[in-house]
Amino acid sequence: MDGEVLCNTIKVERAIRNLTQADLAALAGVTRKSINAIETGRMVPSMLLGLKIARALGVSVNTIFSLDGNSLVGAP
């Protein structure tokens with residue numbers, strides 16, 4: 001698993017819902033800077049934060065996070 005990168009589709013999911021980074025941050029209980037850092041890959045969220053972001057977007061964690069851009073096992 002060395003060298004694997006956590007990819008996400010948070011920006012896309014936000015756009016679908018017409019949410020700003022600040023909007024999502026407020027829904028997830030974090031700062032806008034945290035959302036930005038996660039979206040750009042500068043920060044890997046904790047499991048708890050990943051779950052909060054997924055819940056705020058109304059999707060599963062597998063919908064927004066994957067390794068190396070590939071879908072996780074069990075993802076649609």
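These exercises walk through a predicted model of one protein chain.

**Exercise 1. Layout of the chain**

State how many helices and strands the chain has, and in which order they come.

Solution. Begin with the count: there are five helices and two strands. Next, read along the sequence. The pattern is β-α-α-α-α-α-β. Then turn to burial. Of the 76 residues in the chain, 30% are buried. Last, look at contacts with a separation of 6 or more. Residues 24 or more positions apart account for 54% of them.

**Exercise 2. The largest nonpolar core**

Find which residues touch the most other members of the largest nonpolar core, and which helices each supply at least two of its residues.

Solution. The core has 14 residues. Those that touch the most other members are Ile10, Leu24, Ile38, Ile53, Leu57 and Ile64. Now go to the helices. At least two core residues come from each of α2 (21–28), α3 (32–39) and α4 (47–57). The largest share belongs to α4, with four residues. Finish with one member, Ile53. Leave out residues up to four places away in sequence. Ile53 then touches Ile10, Leu24, Ala28, Ile35, Ile38 and Ile64.

**Exercise 3. How α2 meets α3**

Decide whether α2 and α3 are roughly parallel or roughly perpendicular to each other.

Solution. Two packed helices are described by the angle between their axes and the distance between the axes. Take the angle of α2 and α3: about 110 degrees. Their axes lie 8 Å apart. Angles of 65 to 115 degrees count as roughly perpendicular. Therefore α2 and α3 are roughly perpendicular to each other. Now list the contact. From α2 come Gln21, Ala22, Leu24 and Ala25. From α3 come Arg32, Ile35, Asn36 and Glu39. Sorted by class, the contact has four nonpolar, two polar and two charged residues.

**Exercise 4. The buried side of α3**

Name the buried residues of α3 and the elements they pack against.

Solution. Five names make the list: Ser34, Ile35, Ala37, Ile38 and Glu39. These buried residues pack against both strands listed here, β1 (6–8) and β2 (65–67). They also pack against the helices α1, α2 and α4. After α3 comes Gly41. Its phi is positive, near 80 degrees.

**Exercise 5. Two salt bridges**

Locate the two salt bridges of the structure and say how buried or exposed their residues are.

Solution. Take Glu13 and Arg17. Their side chains meet in a salt bridge, at 2.7 Å from N to O. Residues under 20% relative accessible area are buried, and those over 50% are exposed. Glu13 has 12% relative accessibility, so Glu13 counts as buried. Arg17 has 30%, so Arg17 is partly exposed.

Now take Arg14 and Glu39. The closest N and O atoms of this salt bridge are 2.4 Å apart. The pair links distant parts of the chain, 25 residues apart. Arg14 sits in helix α1 and Glu39 in helix α3. Apply the cut-off again. Arg14 is at 9% relative accessibility, so Arg14 is buried. Glu39 is at 16%, so Glu39 is buried.

**Exercise 6. A positive phi**

Work out where Asn18 is found and whether Asn18 is buried or exposed.

Solution. Asn18 is found in the loop between α1 (10–16) and α2. Its phi is near 55 degrees, a positive value in a residue other than glycine. Most residues other than glycine have a negative phi. Now check accessibility. Asn18 reaches 70% relative accessibility, so Asn18 counts as exposed.

Notes: Residues are numbered from 1 along each chain as its sequence is written. Side-chain values use heavy atoms; hydrogens and water are left out. A nonpolar core is a set of buried Ala, Val, Leu, Ile, Met, Phe, Trp, Tyr and Cys residues joined through side-chain atoms within 4.5 Å. Buried means under 20% relative accessible area, exposed over 50%, partly exposed in between (1.4 Å probe, protein chains only). Contact means heavy atoms within 4.5 Å. Axes are lines fitted to C-alpha atoms, for helices over the stretch in contact, and angles run from 0 to 180 degrees between N-to-C directions. Angles under 35 degrees count as roughly parallel, over 145 as roughly antiparallel, 65 to 115 as roughly perpendicular and the rest as oblique. Ala, Val, Leu, Ile, Met, Phe, Trp, Tyr, Cys and Pro count as nonpolar, Asp, Glu, Lys and Arg as charged, and the others, Gly among them, as polar. A salt bridge is a side-chain nitrogen of Lys or Arg within 4 Å of a carboxyl oxygen of Asp or Glu.
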